[in-house]
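Thanks, everyone, for making the time this morning. I would like to walk through one model with you, going from a single site outwards to the whole chain, so please have the sequence and the structure open.

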Amino acid sequence: MVTSGIQTESQRAGLEHLVRTLPKVSLHCHLLGSVQASTVVQLARRHRVDLAGHTAETLYDHDSYEDLGEFLRVLDVVGSLVRDLDDLHRITYESLTLGGAAHQVLHREIQISPPGHPGVPYPRLIEGITAGMRDAHTDTGITSSIVVGLCREDSVSQAMEIVETVIEHRTDEVVGIGLDYAEVKGAPAQFAPAYARAGAAGLRRTAHSETGPPRHIEVLLDELGCDRIDHGYHVVDDPRITQRCVQQEIPFICTPVSSDIGRYSGSGDGSHRRIAQMVDAGLKVAIDSDDPPMFGTDPTHDFRALARALGYGLEELAGFTRNAVDACWLDASDKAALRHRVEQQITALASDAAAPHD
Ligand SMILES: [Zn+2]
């Protein structure tokens, strides 16, 4: 039960400590959306590309991303600058270390988008990313895998082509597929054959549903075979579908800050209305940060923003991480090991919170 927001300085400091040290499991973070603006500027210099006078300070204009088209346009610019193995290694490494382990992210399933990397063949894409994953693990202990996103604005045959390519070049790091870009330009049902092909090859399946009607959630579950949903805010508009998802314990991976800017999870007023409704309905919600630097956030800040707005404390925030552990696509023994680490850290946080302070 949520009764009030943070009241005092000491409660504020306690929350700050909590959101910084809380163990996190990241299931909804896009590689291209997690490139720091300073890195984009350096990549542009390296490849002698003119950024039309933009600096690291002006490149990402968070508030303009209320318009999804504007956000995707900037994303394309970033993608066009990531050209070789060194670039791919760098952006993956930075996303997992500065943008991951530094925020107590223990495991991330990185969402990538092959169509966002024009000119980079899929095997090279995977080679550069996995090299960055390996070095990030060596240096910080963070584990990671890859979810390959299909672009719903592309044709069904292009989506199928990506699935076939993923299967042809199968590696252990690639654990599943997703579906992203503008939902109004690509309803989910048409991608059922590509999803069926992926499922038959043993790939796990998720998909974005950020703006679509609640009916899309059922399409993702029943026709695409998804076992978790990215965003899914409109589920709460249909009590029957909400109840079904509660009963089936379907995980929803919500991204408070980016979705608030886009006015998908609420009204752009920081109230996170739909996420609150989802939690109150008993849905299995996890939290991540989508495209962190592009939306002026990071894994810690998404927890901070939600906790401040909705008065959540250790119990609720730890619950989000536990839900992410349940929803992740590690095999059973690795998942058990991750769960053990998460529980150890949550126990330490709880005893810390209970200890008397001056
Ligand atoms: Zn996303």
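Let me begin with the zinc ion, which in this predicted model is coordinated by His 28, His 30 and His 208, each through NE2, and by Asp 290 through OD, at 2.1 to 2.3 Å. Along the chain these donors follow the spacing H-x1-H-x177-H-x81-D. His 30 belongs to strand S1, residues 24-30, while His 208 belongs to strand S6, residues 208-209, so this pair ties together parts that are 178 residues apart in sequence. Both His 30 and His 208 are buried. As for the geometry, the angles among the four donor atoms run from 82 to 174°, and the site is classed as irregular.

I turn next to the aromatic rings, where the count comes to three aromatic pairs. In one of them, Phe 71 and Phe 295, the ring centres are 5.0 Å apart and the planes stand at 35°, so the pair is tilted, given that stacked would need under 30 degrees and edge-to-face over 60. Phe 71 sits in helix H3, residues 68-81, and Phe 295 in the loop between strand S9 (284-287) and helix H12 (299-310), so here too parts distant in sequence are tied together, in this case 224 residues apart. Phe 71 and Phe 295 are both buried.

Elsewhere, ring pairs join Phe 303, Tyr 312 and Phe 320 into a cluster, and the ring of Phe 303 also has the charged end of Lys 24 over it, 5.8 Å from the ring centre. A second arrangement of this kind involves Arg 228, whose charged end sits over the ring of Trp 329 at 3.7 Å from its centre.

Where, then, is Asp 352 found? It lies in helix H14, residues 332-354, and is partly exposed, because its relative accessible area is 32%, which falls between the 20% and 50% limits. From Asp 352 to Leu 18 the C-alpha atoms are 9.7 Å apart in space, although 334 residues separate the two in sequence.

Finally, the whole protein, which has 14 helices and nine strands. For 358 residues a compact globule would have a radius of gyration near 21 Å, and the 19 Å found here agrees with that. The C-alpha atoms fill a box of roughly 55 × 45 × 40 Å along the principal axes, and 54% of the residues count as buried. Of the contacts between residues at least 6 apart in sequence, 74% join residues at least 24 apart.

Methods. Residues numbered from 1 in each chain as written. Predicted model: local features only at pLDDT ≥ 70, side-chain atom pairs only at ≥ 80, totals over all residues. Heavy atoms only, no water. Phe/Tyr/Trp six-rings, centres within 6.5 Å; stacked < 30°, edge-to-face > 60°. Helix = DSSP H or I, 4+ residues; strand = E, 2+ residues; numbered from the N terminus. Buried < 20%, exposed > 50% of the residue type's maximum accessible area, 1.4 Å probe, protein only. Lys NZ or Arg CZ within 6 Å of the ring centre and 35° of its normal. Donors = N, O, S within 2.8 Å, 3.2 Å for Na, K, Ca; no water. Tetrahedral: all angles 85-135°; square planar, octahedral: opposite > 155°, others 65-115°. Rg over C-alpha atoms; globule rule 2.2 N^0.38 Å. Contact = heavy atoms within 4.5 Å.
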